[in-house]
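Here are some short exercises to try with the model open in your viewer. Work through each task before you read its solution.

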Amino acid sequence: MADALRDVTVLSRGGLFTNEDALSLAGTNPGSAIRMLNMEISQFGGYRRVSGYVPFDSNHPSIAGKGPVLGIFILKDILYAARRNSADTTPTLGTNPLTVTAGSATITVAHSNHGLAVGNFVTFTGASAVGGITPNNVEMEVSGVPNANTYEVGFTSTASSSATGGGGSVTGAYSINYTIYKYQTSGWAALSVVDSSGSATTLNNALVKKLRTSIHTFGGVHEVVIVDGKNLPAIYAGTGNITQLPNSSSTATASITTDFRNRQFYAGFSANPDRMIFSDASDAKTFTNLNAATFSVGFDITGMAKFRDGLYVFGKDKIKKVVSDATTTFAQQEVTSNIGCIATDSIIEIGGDVLFLASDGIRPIQGTARIGDIELETVSKPVQQLLQSLPDTHDLTNMSSVVIRNKSQFRYFFPKTTTAASDTPGIIGGLRFADRRVGWEFGEILGIRSFVATSGLINNIETIVHGDLNGEIFKQEVGNTFNGGMVTAVYATPFLYFDSTEKRKVYQHISLFTRPEGSSSINLGIAYNWDDPNTPDPSTYSLTTAGALSRYTTTNSTYNSTFTFDGSSSPVLETNVQGSGRSISLIITSTGTQAPYSISGFSITYQDAGYR
């Protein structure tokens, strides 16, 4: 009977929960998700399928060189990116320069004054077989340098016998340096590097995995400071050459930098990982009294971040705060000895707070009601299980992060050189403003292989870019596809039981409240009884949106002349459904190159069928 029908309407909010029990979610957070993939907080309420990404410049989609993009930054409306050079020298080696050992993949190479270091790259051509392997056209990383005339590389397979050979026509392509490029509409232009005296120099790529940058405005001049963990830090003001710091500054191998109190701080030194150095006031490259400007924090530094009146210095399980001090210039204060940052590039600033990835999840540095106090409580408890597995499955030195300020959102990416872009995972976090309260909601990303990423203003428009494995530069938040590939989105609700876990319900009708941005095909799946395999589930229902919402918002056009006032023809997607059970979960999915859409909520009509 129609009189016996009941309906429940649920707003889609709460984000992903990977470690909450099903009964609790249904009672306290029914609009949350037990699976949320490629969905973000919608600015119009609910969850939205993420936008796509496209080449930053389709005419010049990548920068020259080999390997992943090493660094990317925006300075004065212009994009810059760095990549390892393909070949800086191409020497012809002597006769039979290759020596191998049975059962080993290491190749010992004889070359007088080779000039290589551990972490450079070599590719051979013209080599004949030696010990059962032919190491041609395979880029190999230098793994050892016994002396100036010999180096070692690792091949992709082991030798079957010990031998010396290779013939007399072995040519090497040595990738020794990397280059920083400036984007121009005509393509990517390489920038020159000079040392502190103005003489031309290079940036060695040995063991350089990533460039990090910090932009300051000392004296009203925008400058970017570049560190890479290998070379001397360098400074660039947007014109001319990149200039390295003087060698006497002892800042070589710095891999972390930031400005604080009108000085530039450097850390992340390979030989002294507990050390910090700061520059003279208003000058990032001068160190008048180096001894006074150098101090140890007592632990290996993994990151630095400014917050209010302090510079927070992170170790893997410790945090200290550096503050101004009238007598010693800067002083240290203890913050915590059992919480720290395990991934340097997880440190971001968003919504006035600093977030970082700790061993137990994402934690903030944020102010409290008590003056001088900070809050460190984890904000990622809903996805704690997901985050805790990352150190076991991914190299966190490869991760990248980016902030999308106009959405109050951040994204963490966890790429691998051995994983396709379509299979690369990530985490998406966003601030939800509701009921005069602010809370974090999370989801998963799949399909963006970002080794480095940044966001900033280009011509007054927030631009989000990332660099991929093969030197490609992409712009996010553009289009419907992932560089032409399909986007898979999933939103699965908790199992809802409507006040009784024991009473069976017959489900009649479901309405999805949407905000389409174009034509989309959405699949609605239904699961009953907490995925009990003995309960039959109906086939997936296919729903289609037809057109985006349009509004007349400009005074520079004539209504119904150059503008058609219209709305979506399908803001509410409805379908009758079959089946019964004590609980129900909706699985809303889409796969394809269609337009994004938002799910604001849903309504379920059902009839109680008694206890069984």
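Strands here are DSSP runs of E with at least two residues, numbered from the N terminus. Keep in mind that this is a predicted model.

**Exercise 1.** Find which element gives the largest share of the lining of the largest pocket.

*Solution.* Start with the space itself: the largest pocket holds about 1300 Å³. Next, look at its lining of 42 residues, where T213, S214, I347, R405 and T454 lie nearest the centre. Several strands give two or more residues to this lining, among them β6 (66–75), β20 (212–216), β36 (400–404) and β40 (452–458). The largest share comes from β40, with 6 residues.

**Exercise 2.** Work out how the lining residues of the two pockets divide into nonpolar, polar and charged.

*Solution.* For the largest pocket, the lining divides into 20 nonpolar, 14 polar and 8 charged residues. Now turn to the second largest pocket, with about 660 Å³ of space. It is lined by 26 residues, and R212, S255, G268, T344 and T397 are the closest to its centre. Its lining divides into 10 nonpolar, 8 polar and 8 charged residues.

**Exercise 3.** Trace the open sheet of 7 strands and name its edge strands.

*Solution.* Follow the order β13-β8-β9-β12-β11-β10-β14, in which the pairing is antiparallel. At the edges you reach β13 (163–165) and β14 (171–175), each of which pairs on one side only. Neighbouring strands of this sheet are turned by 35° against each other on average, direction ignored. To finish, check one edge: β14 is joined to β10 (residues 121–125) by 5 bridges, and T125 has T171 in β14 as its bridge partner.

Definitions and conventions: Residues numbered from 1 in each chain as written. Predicted model: local features only at pLDDT ≥ 70, side-chain atom pairs only at ≥ 80, totals over all residues. Heavy atoms only, no water. 1 Å grid on protein atoms, 1.4 Å probe; cavity = no way out; pocket = protein on both sides within 12 Å on 5 of 7 lines; lining within 4 Å. Points joined across faces, edges and corners; volume = space filled by probe spheres on them. Helix = DSSP H or I, 4+ residues; strand = E, 2+ residues; numbered from the N terminus. Nonpolar A, V, L, I, M, F, W, Y, C, P; charged D, E, K, R; others polar. Pairing = 2+ DSSP bridges. Axes fitted to C-alpha atoms, helices over the stretch in contact; angles between N-to-C directions.
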